[in-house]
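Please open the model in your viewer with the sequence panel beside it, and keep a selection tool to hand. The tour moves from one selection to the next and says what is there.

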Amino acid sequence: MTAARPGHHDASVVDLLIEALVKCSDARRRRNAAKALGQFGPLARHAVYDLAAALRDPDAGVRWHSARSLGRIGPTAMSAISDLASALRDPVGPVRAAAAETLAAVWTAMLPPEPAAGQGGGKS
């Protein structure tokens, strides 16, 4: 089996991490899985649904790492926007902050780029 390490993007490792996030009864392992999924960035895009669901985990650390990992996945996390918005009401401040940061990052990534100086269509 291939070990998960930054720079080595193996879909089977992402699948194993998703399984740990969803099925493991140990909160520490779920936290580690949520954190590790973020290290895969956009290559973990098929984890968005499960990370969004983990925003409702009983463990605040799992919720925090899930919000942060969604932000690292990028614009694909837009499908988790309602879950992130709900996380803004989390009873734990750092979880709310992570959700807000991720919402801002995902939203910003979805905006069209601003025109370069001199290309704005205004009068010169």
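**First stop: α2 against α4**

Select A27, R30, R31, A34, K35, L37 and G38 in α2, and then G61, V62, H65, S66, S69 and R72 in α4, for these are the residues through which the two helices meet, where contact means heavy atoms within 4.5 Å. By class, this contact of α2 with α4 has four nonpolar, five polar and four charged residues; here Ala, Val, Leu, Ile, Met, Phe, Trp, Tyr, Cys and Pro count as nonpolar, Asp, Glu, Lys and Arg as charged, and the others, Gly among them, as polar. This is a predicted model, in which local features need pLDDT of at least 70 and side-chain atom pairs count only at pLDDT 80 or more, while totals for chains, interfaces and linings use all residues. Residues are numbered from 1 along each chain as its sequence is written, and side-chain values use heavy atoms, with hydrogens and water left out.

Now draw the two axes, which are lines fitted to C-alpha atoms, for helices over the stretch in contact, with angles running from 0 to 180 degrees between N-to-C directions. The axes of α2 (residues 27–39) and α4 come within 7 Å and cross at roughly 10°. That makes α2 roughly parallel to α4, since angles under 35 degrees count as roughly parallel, over 145 as roughly antiparallel, 65 to 115 as roughly perpendicular and the rest as oblique.

**Two residues on α4**

Stay on this helix and select S69, which has its place in α4 (residues 60–73). Is S69 buried or exposed? S69 counts as buried because its relative accessibility is 0%; buried means under 20% relative accessible area, exposed over 50%, and partly exposed in between, with a 1.4 Å probe and protein chains only. Residues up to four places away in sequence aside, S69 touches A34, K35, L37, G38 and L51.

Next select H65, which is also in helix α4 and is buried, with a relative accessible area of 17%. With residues up to four places away in sequence not counted, H65 touches R31, A34 and K35.

**Across to α6**

Turn to the contact between α4 and α6 by selecting A60, R63, W64, A67, R68, L70 and G71 in α4 together with P94, V95, A98, A99, E101 and T102 in α6. By class, the contact of α4 with α6 has eight nonpolar, two polar and three charged residues. The axes of α4 and α6 come within 8 Å and cross at roughly 10°, which makes α4 roughly parallel to α6.

Just before α6, select V92, found in the loop between α5 (81–87) and α6 (93–110). V92 is partly exposed, at a relative accessible area of 28%, and, neighbours within four places in sequence aside, is in contact with A60 and R63. A distance label between the C-alpha atoms of V92 and R63, 29 residues apart in sequence, should read 9.5 Å.

**Along α6**

Which residues does L103, in helix α6, touch beyond those up to four places away in sequence? They are I81, L84, A85 and L88. At 14% relative accessibility L103 counts as buried, and its C-alpha atom lies 9.1 Å from that of L70, 33 residues away in sequence.

V106, also found in helix α6, counts as buried at 2% relative accessibility. Leaving aside neighbours within four places in sequence, V106 is in contact with G74, P75, A77 and M78. Its C-alpha atom is separated by 9.0 Å from that of R72, and the two residues are 34 residues apart along the chain.

From V106, move to S79, whose C-alpha atom is 10.0 Å away although the two are 27 residues apart along the chain. S79 lies in the loop between α4 and α5 and is exposed, with a relative accessible area of 60%. The side chain of S79 reaches the backbone oxygen of T76 at 3.4 Å; a polar contact is a pair of N or O atoms within 3.5 Å, where within protein one must be able to donate a hydrogen and the other to accept it, and residues adjacent in sequence count only if both atoms are side-chain atoms.

**Last view: the whole chain**

Clear the selections and colour by secondary structure, which comes to six helices and zero strands; helices (H or I, at least four residues) and strands (E, at least two) are DSSP runs, numbered from the N terminus. Buried residues make up 35% of the 124 residues in the protein. Of the contacts with a separation of 6 or more, 60% are between residues 24 or more positions apart.
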